[in-house]
Amino acid sequence: MTKKVIIIGGGIGGLALANLLQNDGHDVHIYEKNHQLGGRAGTKKRDGFTFDTGPSWYLMPKVFEDYFRVFDIDINTALSIKRLTPAYKVFFESHDPVTIQGDVNKDAPTFEAIEQGSGEALRQYVAEGDDIYRIALRHFLYTDFSRPSQLVKGEVVAGSARLLKLLATPIHSRVKSFVKSTPLQQILEYPMVFLGTSPFKAPAMYSLMSALDFKEGVFYPSNGMYSIIELLVATGKKLGVQYHTNADISAIQTNGKQATGIMLRDGTQINADTIISNADLHHTETALLPPEAQSYPQKAWDKKEAGISALLMYIGVKGKLPQLEHHNLFFVDAWQDNFKNIYEHKTIPKSASMYVSRTSSTDPSTAPKSHENLFVLVPLPTGVHLTEKKKASLAEHFLTQFGIAIGEPELTKKIVSQSLFGPDDFTARYNAWQGTALGMSHLLGQSAMFRIPPKSKKLQNLYYVGGNTMPGIGLPMCLISAEIVYKKISGIRQPGPLAKIIGKQK
Ligand SMILES: Cc1cc2nc3c(=O)[nH]c(=O)nc-3n(C[C@H](O)[C@H](O)[C@H](O)COP(=O)(O)OP(=O)(O)OC[C@H]3O[C@@H](n4cnc5c(N)ncnc54)[C@H](O)[C@@H]3O)c2cc1C
């Protein structure tokens, strides 16, 4: 039966779910508060440069392939997805740079040259991570854990002791049992930042991220990350999804155990049969719902942890920086202190690890000729407030630090375009809880079966989609989230990707 569905928020999770539901015959409307669709995965043009505003790593390609196969789209062809070689380069405070090829056979000798025995250790670490990744894809990632019977399948039971151990051990402890030198530990631990958490807190289960780095590979759509959003929206438009932008929702209306509709900031009320929130979950629960309909009132959030915030810098530089690859990481020696400052002391580190994308190295159209397009991300604590002046002085400070690390001490003098985005901007633009850049972190208590499930406990027709619910943070994870919610609404109970269930997986 056709139902009217309202999705609050046009982030990747909302856009992806809209297509699945509209394809099934529902009448789907997305209401997005900002002018642009895509949420954190946005795009921005300035001074002749084009920036992706958030995500820049295209990981877990199979998840993208499977999602788009539902619509008979081959994403690899549609977006000319290419593998980046090298995958990334790492700069250190007191070690020579290391280039990672994204192929364990090539990277094992690089490890071995730094620490004897670490080449073989890397092979083993990646093989085990890959095992976990495959089990997760088959049994954990595409489920909301509402059917425990799915978890007693042979393969899961056989591996459950190992998986439980990996859930209970911080990843840092596991990594140091494989490699001893700080640079190598940093290379195996940095992906935890992608999950909004610290390697000293994240469960070792996430060693699967290194299987993505060293085995599956790092990819890039030829026209940038925003082309994924454009493809989702083009697909939705063909199907008939209706997009309402500049539409700030101020309330979800309820009647007993039913969500009945939404109210826009200007007072307009719109009814629907099903409501799905892709907006920040803290905002959805504490600001959009009346107290009696909140499954997670403020006191529940007081016990939860928001992921990191960040200072984002969109930088145009005059001249070329050939010493940089597409993806570049800079790690400080005081690795653990850097994380402690951010997660525990909630202070801004003086010297900070950071990520820099030289997007123009792969896509020259993102910068004028003889210029570079740099996207810089410095993780910051949540809950801090920065004035424009403070953001600018931090940017100058961190870029100087990075310039020195890459042999460009005058880097800041070559900047011809700069815009900054900080914790308060995440709150203002996305209603982000405590200014988090990524959403709820992936601590053990907020991972896998412990993450917020995709359905309200109080309202029978209110669902959640996106990075805060299961399975978690990241573009591919949000596509999986959309599939989980779609299956829940449609009564599909099989685990695994939808494309497989409907016979479209290759
Ligand atoms: C700096 C940065 C770098 C990242 N790097 C990567 C990466 O390299 N690779 C990767 O895979 N992932 C990366 N991520 C994570 C990824 O971008 C997110 O996990 C994903 O985009 C979140 O999507 P979402 O569906 O949860 O929605 P969001 O993108 O959070 O969008 C939610 C939408 O809801 C809207 N909204 C909120 N409140 C309301 C309201 N009241 N009314 C109407 N609309 C509302 C917001 O405006 C927003 O558009 C990165 C994220 C950031 C911020």
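Before we walk through it, one definition: helices (H or I, at least four residues) and strands (E, at least two) are DSSP runs, numbered from the N terminus. With that in hand, here is a place to begin: Pro 86 sits in the loop between β5 (81–83) and β6 (88–92). The peptide bond leading into Pro 86 from Thr 85 is cis, with omega near 0 degrees.

Hello everyone, and a word on what we are looking at. This is a predicted model, where local features need pLDDT of at least 70, side-chain atom pairs count only at pLDDT 80 or more, and totals for chains, interfaces and linings use all residues. Residues are numbered from 1 along each chain as its sequence is written.

Let's take the overall layout. The domain bounds come from an automatic or database domain assignment. That assignment gives domain 1 (4–41 + 62–75 + 223–296 + 452–501), domain 2 (105–213) and domain 3 (305–430). Taken over C-alpha atoms, the centres of domain 1 and domain 3 are 31 Å apart. How many residues of domain 1 are in contact with domain 3? Seven, and they meet five residues of domain 3; two residues are in contact if their C-beta atoms, placed from the backbone, lie within 7 Å. On the domain 1 side, that contact is made by one nonpolar, four polar and two charged residues. For those classes, Ala, Val, Leu, Ile, Met, Phe, Trp, Tyr, Cys and Pro count as nonpolar, Asp, Glu, Lys and Arg as charged, and the others, Gly among them, as polar.

Now, the ligand. Domain 1 and domain 3 both give residues to the shell around the ligand, so the ligand lies between them. The shell has 39 residues, and the closest are Gly 9, Gly 11, Gly 13, Gly 39 and Gly 466. To be near the ligand here, a residue needs its C-beta atom, placed from the backbone, within 6 Å of it. Three elements give two or more residues each to this shell: α1 (12–23), β14 (309–318) and α17. By class, the shell has 19 nonpolar, 15 polar and five charged residues.

Since α17 has come up, let's stay with it. The helix has 16 residues and reaches 23 Å from its first C-alpha to its last, close to the 22 Å expected at 1.5 Å a residue. That expected span is 1.5 Å times one less than the number of residues. Is α17 mostly covered or mostly open? Mostly covered, with 14 of its 16 residues buried. Buried means 20 or more other C-beta atoms within 10 Å of a residue's own, exposed means 12 or fewer, and partly exposed is in between, with C-beta atoms placed from the backbone.

A good residue to click on is Leu 479, in α17 (residues 475–490). Leu 479 counts as buried because it has 25 C-beta neighbours inside 10 Å. Leaving aside neighbours within four places in sequence, Leu 479 is in contact with Ile 12, Ala 16, Val 63, Phe 64 and Tyr 67. Leu 479 and Ile 12 are 467 residues apart along the chain, yet their C-alpha atoms are separated by 7.2 Å. After α17 comes Gly 491, with a positive phi near 75 degrees. Ahead of the helix, in the loop between β19 (462–464) and α17, you will find Pro 471. A cis peptide bond joins Met 470 to Pro 471, with omega about -5 degrees.

Next, helix α11 (residues 226–239), whose 14 residues reach 20 Å from first C-alpha to last, close to the 20 Å expected. Its buried residues are Tyr 226, Ile 228, Ile 229, Leu 231, Leu 232, Thr 235 and Gly 236. Among the elements covering them are α1 and α17. Gly 240 follows α11, and its phi is positive, near 110 degrees.

A little further along is a hairpin. Strands β10 (residues 249–255) and β11 (residues 258–264) run antiparallel and are joined by six bridges; strands pair if DSSP finds at least two bridges between them. One of the partnerships is Gln 253 with Gly 261 in β11. Two residues lie between the strands, and Gly 256 in the turn has a positive phi of about 60 degrees.

To finish, two unusual backbones. Most residues other than glycine have a negative phi, and most peptide bonds are trans. Ser 80, in the loop between α3 and β5, has a positive phi near 40 degrees. Ser 80 is exposed because it has 12 other C-beta atoms within 10 Å. Gln 434 has a positive phi near 50 degrees and lies in the loop between α16 (423–430) and β19. Thanks for listening!
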